[in-house]
Amino acid sequence: MAAPTSRVDIRLVDDLTKVLPSEEPDSLTHPLVTRTGQSINFQVAWHEHQDVYWSRSELTLTIRTDGEPVQVCHVDLVAAGLPAPADADDGYLATQPSLLPDLLTPLDASVDGALTTVVLQAHHMGWNAVWVSVPAFSGTITVTVTHADSNLFEQTVSVTGVDLTHHDSDFINTQWLHPDCLATYFHVPMWSEQHWHALANHVRAATQMGVNSLLTPIWSPPLDTAVGTYRPATQLLDISYDGTYHFATERLDRWVDMALDAGIRYLELPHLFTQWGAHACPQFIVKTTEGEQRRFGWDTEATSPKYLAFVEQLIPFLIGYFRGRNLGDAIWWHISDEPDETNRSSYQAARKQVIDLLEGQMVGDALSDPDYIDLVDHPIVATTAVTRFREAGYEPSWVYYCVGQANAVANRFIAQRPIRHRMLGLQLFCANSRGFLHWAFDFYYSQLSVRPINPFADSSAGGAFFSGDPFVVYPADDLGVYYSLRYEMLRAAFEDLVLFHDAATRIGREEVLRIMDPDRTVDFSSGWISEGDYLARRARLFERLAS
């Protein structure tokens, strides 16, 4: 083991900081406080000022708590090849291709009661960091870093866990899971046991981040696909045809059981027509006397009488199936994304085909132009368009963001400041929103699903989307999940949303707003406060709840 050739700087850092290799991070200053049942997170950052990098030291990090053992992950750098738009606002840490902290790689730990020990070794030059997650408790955490027999750092911090009754909410959080991406990346057959294992791991990861609605591929979702091409078929429903369509649900039953076991409360059905215009139909795999064949698809117009005859059997069957599973009120449907001036007539015609069949069902679609609000039953409004919808007399209850929401609003790009991720929960609370949608929890293809990508090397879907937009988790070797800094910060954002609603039940909505938004300026496009201010406000809210 090489001895340090010069000093090692070490400090505790909060959970709303991205530790950049070239920038000295601020030390932890806010209290470690959370509600009972949620984790407490912070970082340990260090910088070895070595004469030669290959002589880097093995440091020993020891964390002693008054509660349970902790989990420790190294914060690894990833390539952000498309970090920001050309007109980027001041909410970005980098605007040129960069290596930035994001991937959380678990470290092997030695656990002895409430004492957790890991070896720290720098993965790159400059400042490194590990992410520490501690089950909630009240007491103290003592962090010690040693080298050989030398004690380099020791700090004790107090932790407060606050009891707060949870009240069920009807807020829906959906972030599209892509089963085909998992089968492709892991090189496992679709619906094999390995595939189901990977799916279960990723669904659990999604629910732990606050997702409670799952896009369910009863048929292969016609999403992010080049015209005339098809993604790998992910159809759950077995369909056969002998002059009449017949449906079998063995795989669908397993999917629903998996989702409910993971904590999913709502199931989102795929779009009934192709994306960006509703011109054509999704593909369906159908068994006939001539074998299995693709039916419908890009060569079938949305208004095809044959497709109408099919959905006249499909939709009532599914409505009845979900009612039989006691999920009748937990299902929602899509027509097609984003009707606008280029596709108003095709969207309108497609909608007319099915809307009577969907009477009494929730039907929602993404929308960013209020001129077409009459076409969509439940508009899911782009956060950059909320102001225009309000000016048109409509208060959006659902919102989404994607690559197009790059300035002045919250998002999940790797190069963005952490507050850009975390503010979403407060924005949703202040707007009293009822739902949120994002298109990609785990999209590991290039744009339009032309080819697979390696998410550890390509974070922008082949240079198409700002880095980080296509996914917030990374695939682990064991069919599992590696989390990211953004995942943890988004998880905290959605936990905060739940916190604010539960706090409002105890102390009133106005009191929560007085603490978290004292100037009444928080909105989707109002920018953001500093990370320190946000954490300070949150700490004051906990003080108020504990009083």
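What volume does the second largest pocket have? About 420 Å³, and we'll stop there shortly. You have a predicted model open, where local features need pLDDT of at least 70, side-chain atom pairs count only at pLDDT 80 or more, and totals for chains, interfaces and linings use all residues. Residues are numbered from 1 along each chain as its sequence is written, and side-chain values use heavy atoms, with hydrogens and water left out.

**Stop 1: the pockets**

Rolling a probe the size of a water molecule over the atoms shows where empty space is left. Here the search runs on a 1 Å grid over the protein atoms alone: a cavity is a set of points where a 1.4 Å probe fits but cannot get out, a pocket is an open set with protein on both sides within 12 Å along at least five of seven lines, and lining residues have an atom within 4 Å of a point. Grid points are joined across faces, edges and corners, and a volume is the space filled by probe spheres set on the points.

Start with the largest pocket, at about 590 Å³. Select His166, Gly210, Phe494, Glu495 and Val498, the closest to its centre of the 23 lining residues. Then colour α2 (193-208) and α8 (485-507), which each supply at least two residues of this lining; α8 gives the most, with six. Helices here are DSSP runs of H or I with at least four residues, strands are runs of E with at least two, and both are numbered from the N terminus. By class, the lining splits into seven nonpolar, 11 polar and five charged residues. (Ala, Val, Leu, Ile, Met, Phe, Trp, Tyr, Cys and Pro count as nonpolar, Asp, Glu, Lys and Arg as charged, and the others, Gly among them, as polar.)

Now back to the second largest pocket, the one of about 420 Å³. Pick Leu16, Thr17, Lys18, Asp26 and Glu531, the closest to its centre among 21 lining residues. Helix α10 (531-546) has the largest share of this lining, three residues. The classes come out as eight nonpolar, six polar and seven charged.

**Stop 2: the closed spaces**

Four cavities of 30 Å³ or more turn up in the structure. The largest has a volume of about 250 Å³; zoom in on Asp15, Ser39, Asn41, Arg422 and Arg538, the closest to its centre of 21 lining residues. Two or more lining residues come from each of β2, β3 (40-48), α8 and α10, and α8 has the largest share here, six residues.

The second largest cavity is about 220 Å³. Select Ser220, Pro221, Pro222, Leu223 and Arg231, the closest to its centre of 22 lining residues. That lining holds 12 nonpolar, eight polar and two charged residues.

**Stop 3: salt bridges**

There are 22 salt bridges (a side-chain nitrogen of Lys or Arg within 4 Å of a carboxyl oxygen of Asp or Glu) in the count. Show the side chains of Glu24 and Arg11, whose N to O distance is 2.9 Å. This pair joins distant parts of the chain, 13 residues apart: Glu24 sits in the loop between β1 (8-13) and β2 (32-35), and Arg11 in strand β1. Glu24 is exposed at 53% relative accessible area, while Arg11 is buried at 15%. (Buried means under 20%, exposed over 50%, partly exposed in between, with a 1.4 Å probe and protein chains only.)

Next, Glu511 and Arg544, with their closest N and O atoms 3.0 Å apart. Glu511 is in α9 (509-516) and Arg544 in α10, 33 residues apart. Glu511 counts as buried at 17%, and Arg544 as partly exposed at 32%. For a network, select Asp253, Asp257 and Arg325, which are linked by salt bridges.

**Stop 4: the sheets**

Switch to cartoon. Strands pair if DSSP finds at least two bridges between them. One open sheet has six strands with mixed pairing, in the order β2-β11-β10-β4-β8-β7. Because β2 and β7 (110-112) stand at the edges with a single partner strand each, one side of each is left without a neighbour in the sheet. Inside this sheet, β4 (59-65) and β10 (139-147) run antiparallel, joined by six bridges; label Thr60 and you'll find Thr146 of β10 opposite.

The last selection is an open sheet of four strands, β15-β14-β17-β18, also with mixed pairing. Its edge strands are β15 (245-248) and β18 (291-296), each pairing on one side only. β14 (238-241) and β17 (283-288) pair in the parallel sense over two bridges, and Ile239 has Val286 in β17 as its bridge partner.
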